[in-house]
Amino acid sequence: MQQEDAVPRLAPLRALLLYLVTGLLWFGAGDFIMPLLVEDRALYITLQQAQDYIFVVASGCLAGWLVRRTMRAEQYRVAARQELVKSEEQLRLALDGSGSGMWDWDMVRKCHTFSQGMASILRYQGDDFGRDFHFRDRLHPEDRAAVGAEVRMALRTGAPFVVTARLQGFDGEYRWYEARGTRHVDDSGKLVRFSGIISDKTQQRQEEERLRLAATVVDNTAEGIVVTDAYSNILSTNAAFSRLLGYESSELLGKRPSAFKSGRHDKAFYDEMWSSLHLTGHWRGEIWNKRKNGEIFPERMSLSAVKDEHGRTTHYVCMFTDISQEKQREEQLQFLAHRDALTGLSNRAWFSQELARSVEVAQVRSEKMAVILLNLDRFKDVNDSYGHTVGDEVLRHIARQVQSALRPGDLIARMTGDEIVVLARQLTSCEDASDIAERLIHAAAQPWKSPDGFAVVVSVSAGICCYPQHAQTAALLVQGAHAAVYGAKQGKGGSNLWCFFNEDMTQAARERIALESRLRHALAQGHLQMFYQPQIDIATGNIVGCEALMRWLDPVEGMISPARFIPVAETSGLIGPLGEWALTEACRQAQAWNSQGLPAISMAVNVSLHQFLLTDIVGCTRKALESSGFPAVCLELEITESALAERPDEALNVLRNLKSLGLRLAVDDFGTGYSSLAHLKRFPIDLLKIDQSFIRDIPNSPDDMAISHAVIAMGQSMGMEVLAEGVETAAQLEFLRQHGCNLYQGYLCSKPLPSAEFTRLLERDQRRQQQVAAGNKYL
């Protein structure tokens with residue numbers, strides 16, 4: 001290395017100068033010194049010739065040495081140049097292979113140099129990248145100021161230049177690029193060049209954005225999320241986890257999920273869970289866990305195994321949701337399914353089931369029983385005089401009093417608004433039933449006292465039907481008790497307060513027979529009419545449907561209430577032709593409105609219990625639709641809860657056949673507590689109608705508001721629409737709107753109207769909708 005370094009210092013001029021000086025000294029010494037030392041002339045001449053030869057030889061050697069050194073230096077230079085070219089090629093290939101490009105700005109010559117990688121990453125297809133590339137013009141407008149500031153900073157201070165910005169490629173698309181560079185100065189500190197590399201970071205940015213979005217979703221999701229390693233050690237949790245369980249994320253890192261076990265599940269439960277997880281990679285179900293404060297709560301949990309490319313489990317991911325409120329709603333709905341919401345007593349459906357079971361047991365054991373039906377006398381007067389709020393309190397008071405007077409083993413339920421029924425079991429004779437009835441009547445007669453100090457006393461009439469003396473089936477026992485109640489009210493019993501059922505109670509039967517005859521005549525003479533009450537979409541205020549209601553306009557007596565003649569029609573077999581006429585007339589009228597160009601609305605028609613179960617309701621409906629031409633999708637049949645609870649399996653079959661026609665099905669008077677929730681979930685119901693008794697006292701009754709809210713929530717969770725009946729005030733409508741109820745009907749909009757008046761109502765609503773649409777068009 002020392003010899004290689006010496007060659008460049010022997011510049012040609014210096015070598016020539018050394019040669020001249022050496023020659024002068026050599027020949028000068030021979031001309032001046034040698035004569036002084038050599039006296040022999042021949043020897044002097046010989047030495048002088050030798051001096052010339054020696055100089056020539058030495059000069060030749062020196063020239064040969066210089067030529068040899070020059071050639072070796074040239075070889076070294078060629079090799080170094082080849083190595084530099086090779087290094088530059090390797091660097092270029094490395095840059096191109098890495099997806100990066102190199103740029104160099106010669107600030108002295110004011111020119112730019114770019115590697116081939118620059119053209120590639122910017123999708124350049126031309127022949128002169130340096131000519132066509134204009135850096136500032138291709139910078140995204142939003143990035144120009146920031147990039148310019150970074151360049152000036154790097155050139156001024158010498159700090160590394162690092163910036164990420166968007167450049168427009170030659171294909172017209174903007175992509176993200178990262179540039180890294182530095183400035184170069186000469187020995188005097190003058191800026192001579194600015195160079196660096198540029199890399200395409202578009203995919204990396206997209207991956208980072210996806211990861212950021214995923215992390216944001218995890219952090220902001222409502223479900224708690226826990227990630228563990230393959231050994232179930234907790235690695236991370238999200239914010240929802242901390243909110244639901246009360247632990248900070250740092251408190252559980254490295255610990256196992258067993259830290260929040262509830263203790264409610266045995267080893268078999270967890271063994272089954274892990275077995276499913278190992279077999280399928282997933283487990284879903286409900287589980288109880290414990291919060292940090294010790295509270296135990298239910299979760300709906302999903303546990304998944306994360307596997308690598310070799311199928312080995314590397315992590316477990318657990319997602320869970322607190323379902324405490326959902327469980328509470330289910331319990332409330334279960335309560336509503338078996339209990340009367342107002343009094344807390346069992347409801348009619350539950351009592352009917354228990355009575356049927358008790359009759360079966362009594363048949364085997366030859367036991368005596370009695371159904372005692374308590375009817376509150378003139379309870380309507382209490383509601384009219386003091387209001388429904390006081391009436392409800394009085395009814396609760398009577399229910400508590402009667403329940404407290406029961407014997408052990410007796411059953412109690414609320415049948416309808418003002419009826420309470422008791423099953424007295426294990427009697428020795430019917431006389432025991434009358435004693436029990438008197439005790440219950442006495443308990444019910446205890447006055448209810450208001451906070452203001454006034455007292456309300458309601459008298460009670462009781463009807464008694466004994467098993468097996470009076471009836472041998474559950475239905476006949478209840479029917480007999482009802483008949484006996486009317487006898488008690490008419491003073492036909494052994495007491496002015498109670499009455500046993502007997503076959504001589506014919507007065508009511510004769511009245512029903514007379515009414516039945518008049519009803520057949522009314523049907524034949526056209527005295528029956530259909531009235532229509534609009535159903536309103538709460539969100540838009542538009543009339544979207546109506547309920548068809550039958551009215552009997554008797555030429556002599558005037559308007560006869562359906563509550564009076566519908567029961568007669570059901571018991572007499574008239575309900576079949578009566579229901580067929582109502583269904584046909586409703587479909588005909590609805591199609592007539594369609595033909596007049598009025599807005600298409602749904603037509604809801606009530607179907608009674610007897611009509612639903614005892615007649616060919618499917619064939620009747622098909623015939624009405626075919627004869628009228630009314631679209632099935634616009635027809636809605638309303639079935640009461642009692643019809644569904646009476647014979648649920650048969651009801652389910654009828655409902656499926658009706659749905660096959662393409663119409664809609666609704667449960668009428670929902671909330672009165674007659675149907676089993678377990679059965680209701682099986683039925684293909686489209687609409688729930690909240691009974692007006694729960695709407696009447698909104699917003700003054702927290703109980704009614706809670707029940708209505710629960711029914712709306714249940715309908716939404718089961719994918720059904722919800723309609724509220726009996727809406728009379730704006731406050732009631734606002735409550736329903738806030739809680740997501742879909743539809744309503746009631747006097748707030750309109751009472752039931754004859755067809756002509758309802759036609760005018762539809763026309764007004766059509767004009768209103770057209771005006772609203774026209775107004776929206778110019779907004």
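Two strands pair if DSSP finds at least two bridges between them. The exercises below apply this to a predicted model.

**Exercise 1. Pairing of β11 and β13**

State how strands β11 and β13 run relative to each other, and find the residue of β13 that stands opposite I372.

Solution.
Step 1. Locate the strands: β11 covers residues 368–376 and β13 covers residues 419–427.
Step 2. Look at the bridges. Seven of them join β11 to β13, and the two strands run antiparallel. The definition asks for at least two bridges.
Step 3. Pick out I372. Opposite I372 stands V422 of β13.

**Exercise 2. The sheet around β11**

Give the strand order of the sheet that holds β11 and β13, name its edge strands, and describe the helices packed on it.

Solution.
Step 1. Order the strands. This is an open sheet of five strands, β12-β13-β11-β16-β17, with mixed pairing.
Step 2. Find the edges. β12 (411–416) and β17 (498–500) each have a single partner strand, so each has one side without a neighbour in the sheet.
Step 3. Add the twist, which averages 20° from one strand to the next.
Step 4. Place helix α16, residues 388–404. Packed on the sheet, α16 touches β11, β12 and β13, and its direction makes about 155° with that of β12.
Step 5. Place helix α17, residues 430–444. Its contacts on the sheet are with β11, β13, β16 (460–467) and β17, and its direction makes about 155° with that of β16.

**Exercise 3. A sheet with antiparallel pairing**

Work out which strands stand at the edges of the sheet that contains β6 to β10, and how helix α12 is placed.

Solution.
Step 1. Write down the order, β7-β6-β10-β9-β8: five strands in an open sheet, with antiparallel pairing.
Step 2. Read off the edges. They are β7 (234–237) and β8 (282–290); each has a single partner strand, so one side of each lacks a neighbour in the sheet.
Step 3. Note the average twist of 25° from one strand to the next.
Step 4. Check one pair in detail. Strand β6 (residues 224–229) is joined to β7 by three bridges, and the two run antiparallel. Within this pair, T228 has I234 of β7 as its bridge partner.
Step 5. Place the helix. α12 (residues 267–280) lies across β8, β9 (296–307) and β10 (313–322), and runs at about 150° to β8.

**Exercise 4. The surroundings of β21**

Explain why strand β21 is described as largely enclosed, and identify strands that pair with it.

Solution.
Step 1. Recall the cut-off: buried means under 20% relative accessible area.
Step 2. Apply it. In β21 (residues 602–607), five of the six residues are buried, so the strand is largely enclosed by the rest of the structure.
Step 3. Take one partner, β19 (residues 543–554). β19 and β21 pair in the parallel sense over four bridges, and C546 has M603 in β21 as its bridge partner.
Step 4. Take another partner, β22 (residues 635–640). Five bridges join β21 to β22, again in parallel, and V605 stands opposite L637 in β22.
Step 5. Set this beside the chain, where buried residues make up 42% of the 779 residues.

**Exercise 5. A pocket and a cavity**

Describe the linings of the second largest pocket and the second largest cavity, by element and by residue class.

Solution.
Step 1. Start with the pocket, whose volume is about 540 Å³. It is lined by 22 residues, and W105, H112, F133, F135 and R136 are the closest to its centre.
Step 2. Assign the pocket lining to elements. At least two residues each come from β1 (100–106), β2 (111–114), α6 (129–132), α7 (135–138), α8 (144–157) and β5 (191–200). The largest share, five residues, belongs to α8.
Step 3. Sort the pocket lining by class: 13 residues are nonpolar, four polar and five charged.
Step 4. Turn to the cavities. The whole structure has two of 30 Å³ or more, and the second largest holds about 70 Å³ of space.
Step 5. List the lining of the second largest cavity: F135, L139, V147, V163, A165, L167, Y177, A179 and I198. Two or more of these residues come from each of β3 (161–168) and β4 (174–185), with β3 giving the largest share, three residues.
Step 6. Sort the cavity lining by class: nine residues are nonpolar, none polar and none charged.

Note on methods. Residues numbered from 1 in each chain as written. Predicted model: local features only at pLDDT ≥ 70, side-chain atom pairs only at ≥ 80, totals over all residues. Heavy atoms only, no water. 1 Å grid on protein atoms, 1.4 Å probe; cavity = no way out; pocket = protein on both sides within 12 Å on 5 of 7 lines; lining within 4 Å. Points joined across faces, edges and corners; volume = space filled by probe spheres on them. Nonpolar A, V, L, I, M, F, W, Y, C, P; charged D, E, K, R; others polar. Buried < 20%, exposed > 50% of the residue type's maximum accessible area, 1.4 Å probe, protein only. Axes fitted to C-alpha atoms, helices over the stretch in contact; angles between N-to-C directions. Contact = heavy atoms within 4.5 Å.
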